[in-house]
Amino acid sequence: MILGCGRCVFMTNHGFQALSGLQTIAARESLLLAPYAMRSIDSRGRRYPEPEHPYRGPFQRDRDRIVHSSTYRRLSGKMQVFTGDMGDYHRTRLTHTYEVASIARTIGRALRLNEDLVEALALFHDIGHPPFGHAGEDALNECLADKGGFSHNQYAMTIAEYLEVRYQSFPGLNLSWEVLESQASRVDKQAAGLAPLLEAQVVEAADSITYDAHDTDDSVKLGLVTMDELAELPLVRDSLARVHERFGGLHDKLLRKAVVHELIDWQVSDVLETVGAALTPLGFGGAEEARRTAFRIGPSEELAEQKAELESFLFDRVYRHSQLIDVRSRAQARLRSMFNGYCRKPALLPARFRDRAESVGIARAVGDYLAGMTDRYCEQQYLRHFSP
Ligand code: MG
């Protein structure tokens, strides 16, 4: 492909042809994507129309807008499950996000879906997480209970549509309709009256594969559970057996890593086999057609059961571990007192959140401000303004 003057020269079967940026992307996608994939050329566009980019398709631009946003960068300072004081090995919200993107792209490519859209959705999927993970979310939800509550999925929409300031001519990131609609389906699964796009379903499946594997890894590494305890669960027991068969005896550290690798590989292969076997005979002619049926991308029934057992073990033994319960209670108490404090003294808010309070009310503006903070910044602001 040769670029120049906003036009691309694209090699086709009939030789070189001058094509616009979107036509170039369309030609590439028509060679690579399955009929049921979302095509860039079929995108419903953006709320604020923008000219085509000479060599990036709409979903590539979405991905880039997300990666260059300040909210995305702040994910590096937000906990996934374990806090920064617990060490440097475990996942942050950012590294979780990138692992999801990597697994989602693998699945998306194997199914010949739109990998650019898959990547944009994966990088966006957790962008609305407040500080201190689900503990922070629960506290904000309680604080905003009589104003419609707080959910990280809904907050991601607010970030994308209003809070990110990057462009002169419109608020937010002006993402493609398909990215916003897929995120809206995370807020309310019934919102569209249709299943999410297959690309969004891939990200959902990849998210679950990713946290099941990395929470297993992190919790063993942090000594909250042992591999022997985890081996009681069929999913881990079978992974261990395959690792032993392939490598024989491994010492603890390598064993943990090999099991995590196996957990990912096994789950991804299961999804691809389950979905691949079902997709071909269905013969969907387009992305919209695939959404109007009962077909869903996900694990086999057997794996879904095994994952549920692992998740309930992780919930009881890790997410509700006394070390994490302490972190959770302290973070929630601080967020509640910060919420009340900022509502009482709006002068402490940055100017743009004081302005925002005029359109959405002080409670929501405070919630939006708090939710954007990293764990560390939240602690700093608490100690600065509200520490007794
Ligand atoms: Mg996630």
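# Talking through a predicted model

Tutor: Start at a helix end. Asn-114 caps the N-terminal end of H5, with a side-chain oxygen 3.1 Å from the backbone nitrogen of Asp-116. Keep in mind that this is a predicted model.

Student: OK. How many residues of H5 are buried?

Tutor: Ten of its ten residues, so H5 counts as mostly covered. Among them are Glu-115, Asp-116, Leu-117 and Phe-124.

Student: What do the buried residues of H5 pack against?

Tutor: Several helices. They pack against helix H2 (58–67), helix H3 (70–74), H4, H7, H8 and H9.

Student: What about the loop between helix H4 (93–110) and H5? Which residue lies there?

Tutor: Arg-112 lies in that loop. Arg-112 has a positive phi of about 60°, although it is not a glycine.

Student: Why point that out?

Tutor: Because most residues other than glycine have a negative phi.

Student: Is Arg-112 buried or partly exposed?

Tutor: Partly exposed, at 40% relative accessibility.

Student: Which other residue has a positive phi although it is not a glycine?

Tutor: Asn-174, with a phi of about 50°. Asn-174 sits in the loop between helix H7 (152–163) and helix H8 (177–187). Asn-174 is buried, with a relative accessible area of 5%.

Student: Switching topic. What coordinates the magnesium ion?

Tutor: Four residues are listed: His-96 (NE2), His-125 (NE2), Asp-126 (OD) and Asp-207 (OD). The distances run from 2.2 to 2.4 Å.

Student: What spacing do the donors follow along the chain?

Tutor: H-x28-H-D-x80-D. His-125 and Asp-207 link distant parts of the chain, 82 residues apart. His-125 is in the loop between helix H5 (115–124) and helix H6 (133–143). Asp-207 is in helix H9 (residues 198–221).

Student: Are those two buried or exposed?

Tutor: His-125 counts as buried, at 1% relative accessibility. Asp-207 is buried too, with a relative accessible area of 10%.

Student: Now cysteines. How many disulfides are there?

Tutor: Zero.

Student: Why is Cys-143 not bonded to Cys-343?

Tutor: Because their sulfurs are 8.1 Å apart, too far for a bond. The cut-off for a disulfide is within 2.5 Å. Cys-343 holds the closest cysteine sulfur to that of Cys-143.

Student: And Cys-378?

Tutor: Cys-378 is in no disulfide either. Its nearest cysteine sulfur, that of Cys-143, is 11 Å away.

Student: Are Cys-143 and Cys-378 buried or exposed?

Tutor: Both are buried. Cys-143 has a relative accessible area of 17%, and Cys-378 has 2%.

Student: How many residues are in the largest nonpolar core?

Tutor: It has 74 residues. Ile-297, Tyr-342 and Leu-370 touch the most other members.

Student: What does Ile-297 touch?

Tutor: Leaving out residues up to four places away in sequence, its contacts include Leu-111, Leu-198, Val-202 and Val-275. Gln-201 is one of them too.

Student: What lies apart from that core?

Tutor: Another core, of 25 residues. Among them are Phe-82, Leu-230, Leu-235 and Val-236.

Student: Why would such residues gather?

Tutor: In soluble globular proteins, nonpolar side chains tend to be buried together.

Student: Let's try helix H15. Where is Arg-328?

Tutor: Arg-328 lies in helix H15 (residues 322–344). Arg-328 is buried, with a relative accessible area of 18%.

Student: What joins the side chains of Arg-328 and Asp-138?

Tutor: A polar contact of 2.8 Å. Arg-328 also touches His-134, Ala-135 and Arg-320, not counting residues up to four places away in sequence.

Student: What about Leu-335?

Tutor: Leu-335 is found in helix H15 as well. Leu-335 is buried, with a relative accessible area of 0%.

Student: Which residues does Leu-335 touch?

Tutor: Pro-131, Gly-136, Ala-139, Leu-370 and Cys-378, not counting residues up to four places away in sequence. Leu-335 and Gly-298 are 37 residues apart along the chain, and their C-alpha atoms are separated by 36 Å.

Student: Last one. What should helix H1 (residues 21–32) span?

Tutor: 16 Å, at 1.5 Å a residue for its twelve residues. The end C-alpha atoms are 17 Å apart, which agrees.

Student: Which residues of H1 are buried?

Tutor: Gly-21, Leu-22, Thr-24, Ile-25, Ala-26, Ala-27 and Glu-29.

Key:
Residues numbered from 1 in each chain as written. Predicted model: local features only at pLDDT ≥ 70, side-chain atom pairs only at ≥ 80, totals over all residues. Heavy atoms only, no water. Buried < 20%, exposed > 50% of the residue type's maximum accessible area, 1.4 Å probe, protein only. Donors = N, O, S within 2.8 Å, 3.2 Å for Na, K, Ca; no water. Helix = DSSP H or I, 4+ residues; strand = E, 2+ residues; numbered from the N terminus. Core = buried A, V, L, I, M, F, W, Y, C linked by side-chain atoms within 4.5 Å. Contact = heavy atoms within 4.5 Å. Expected span 1.5 Å × (residues − 1). Polar contact = N/O pair within 3.5 Å; in protein donor to acceptor, adjacent residues only side chain to side chain.
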